Amino acid sequence: MGLSIPQHVAIIMDGNGRWAQQRGLARSFGHRKGVEMVRQTVRTAGEMGIGCLTLFAFSSENWRRPPEEVTDLMGLLKLFIRRDLAELHRENVRVHVVGSRKNLAPDIKGLLDEAETRTRENTGLNLVIAFNYGGRDEIARAVREIAEDVAAGRVAADEVDDALLGARLDTAGLPDPDLIIRTSGEQRLSNFLLWQAAYAELVFVPCLWPDFDRAAFEGALAEFDRRDRRFGAVDDADLAVGSG
């Protein structure tokens, strides 16, 4: 493709329910179709040389959805891990899960633990699953942990900086996302990677998640390639214009 490939791509997979409703189907059909697109997207990311792919699978706010939809989503998670984990392992994919595991059902927690443990030594694509994840909750948990360390004398208050906080987040050890993609045309982060997104490029695509095929993925990467990332600095062309 000749594009500048981002090291870390994060995706807000939005629009499964609307995709199904547009076709007169139950929302559950959209979620099942969405799982198929997860498989394709993981494969495409690996082929493109992306080092880290984060997928927003289930937010801490999604528990507010109708109980039957939540049950269906939990079933799809179980099915994905049981059916796809062996293949991901064979493909050298490392699975990392971010989000709170407090109060998760034992079988769900066990599957998440198994996915991480089985693939821990893999060196290929780093697949990060954001499950029961919320950016504000993640930051609050990290701050609470630091506050406890300060109170216990393990950390001095003047030692608390952005690096220390970043090291206490669920994503510690992972690069910040270079590109965040959201499908369905919605243009907001919805509590996703709030800290980590500080300098990410945001690309909002109009298609619903079940329609996010390889061409749509490549289109988002092409948009990223057109961006001028300066991270708060000024490039030489801007300096030349300003000096005039």
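Analyst: Two strands are said to pair if DSSP finds at least two bridges between them, where strands (E, at least two residues) and helices (H or I, at least four) are DSSP runs numbered from the N terminus. The model is predicted, with local features needing pLDDT of at least 70 and side-chain atom pairs counting only at pLDDT 80 or more, while totals for chains, interfaces and linings use all residues. Residues are numbered from 1 along each chain as its sequence is written, and side-chain values use heavy atoms, with hydrogens and water left out.

User: What makes S3 and strand S4 a pair?

Analyst: S3 (residues 94–98) is joined to S4 (residues 126–133) by 5 bridges, set against a requirement of at least two, so the two strands count as paired. They run parallel, and Val97 stands opposite Ile129 in S4.

User: How do you know that S5 pairs with S1, and which other strand does S5 join?

Analyst: S1 (residues 8–12) and S5 share 4 bridges in the parallel sense, and another 4 bridges join S5 to S6 (residues 201–204), again in parallel, so the bridge criterion is met on both counts. Ile181 shows both contacts, being the bridge partner of Ile11 and standing opposite Val203 in S6.

User: Which way do the side chains of strand S5 point, and are they buried or exposed?

Analyst: In S5 (residues 179–182), Leu179 and Ile181 point one way and Ile180 and Arg182 the other, and all of them are buried. In a regular strand, side chains alternate between the two faces of the sheet.

User: Why is Arg182 called buried?

Analyst: Buried means under 20% relative accessible area, exposed over 50%, and partly exposed in between (1.4 Å probe, protein chains only). Arg182 has a value of 6%, so it is classed as buried, and Asp14, at 15%, is classed as buried too.

User: What makes the contact between Arg182 and Asp14 a salt bridge?

Analyst: The term requires a side-chain nitrogen of Lys or Arg within 4 Å of a carboxyl oxygen of Asp or Glu. The N to O distance here is 3.0 Å, so the pair qualifies as one of the 23 salt bridges in the structure. Arg182 lies in S5 and Asp14 in the loop between S1 and helix H1 (16–22), so the contact ties together parts that are 168 residues apart in sequence.

User: How do you know that Arg188 and Glu186 form a salt bridge, and what network includes them?

Analyst: Their closest N and O atoms are 2.9 Å apart, so the distance criterion is satisfied. Arg188 at 45% and Glu186 at 24% are both partly exposed. Salt bridges that share partners join Asp14, Arg18, Arg182, Glu186 and Arg188 into one network.

User: Why is Asp161 called partly exposed, and which patch contains it?

Analyst: Its relative accessibility is 41%, so Asp161 falls in the partly exposed class; it sits in the loop between helix H5 (135–151) and helix H6 (162–168). Together with Asp158, Glu159 and Asp162, Asp161 forms a negative surface patch, a term for residues with over 30% relative accessible area and no salt bridge, like charges being joined within 9 Å. Asp and Glu count as negative.

User: Why is Pro210 called buried?

Analyst: Pro210, in the loop between S6 and helix H7 (214–226), has a relative accessible area of 2%, so it is buried.

Methods. Patch = residues over 30% accessible without salt bridge, like charges linked within 9 Å, V, L, I, M, F, W, Y side chains within 5 Å. Areas by Shrake-Rupley, 256 points an atom, 1.4 Å probe, with all protein chains shown as cover. Charge placed at Lys NZ, Arg CZ, Asp CG, Glu CD.
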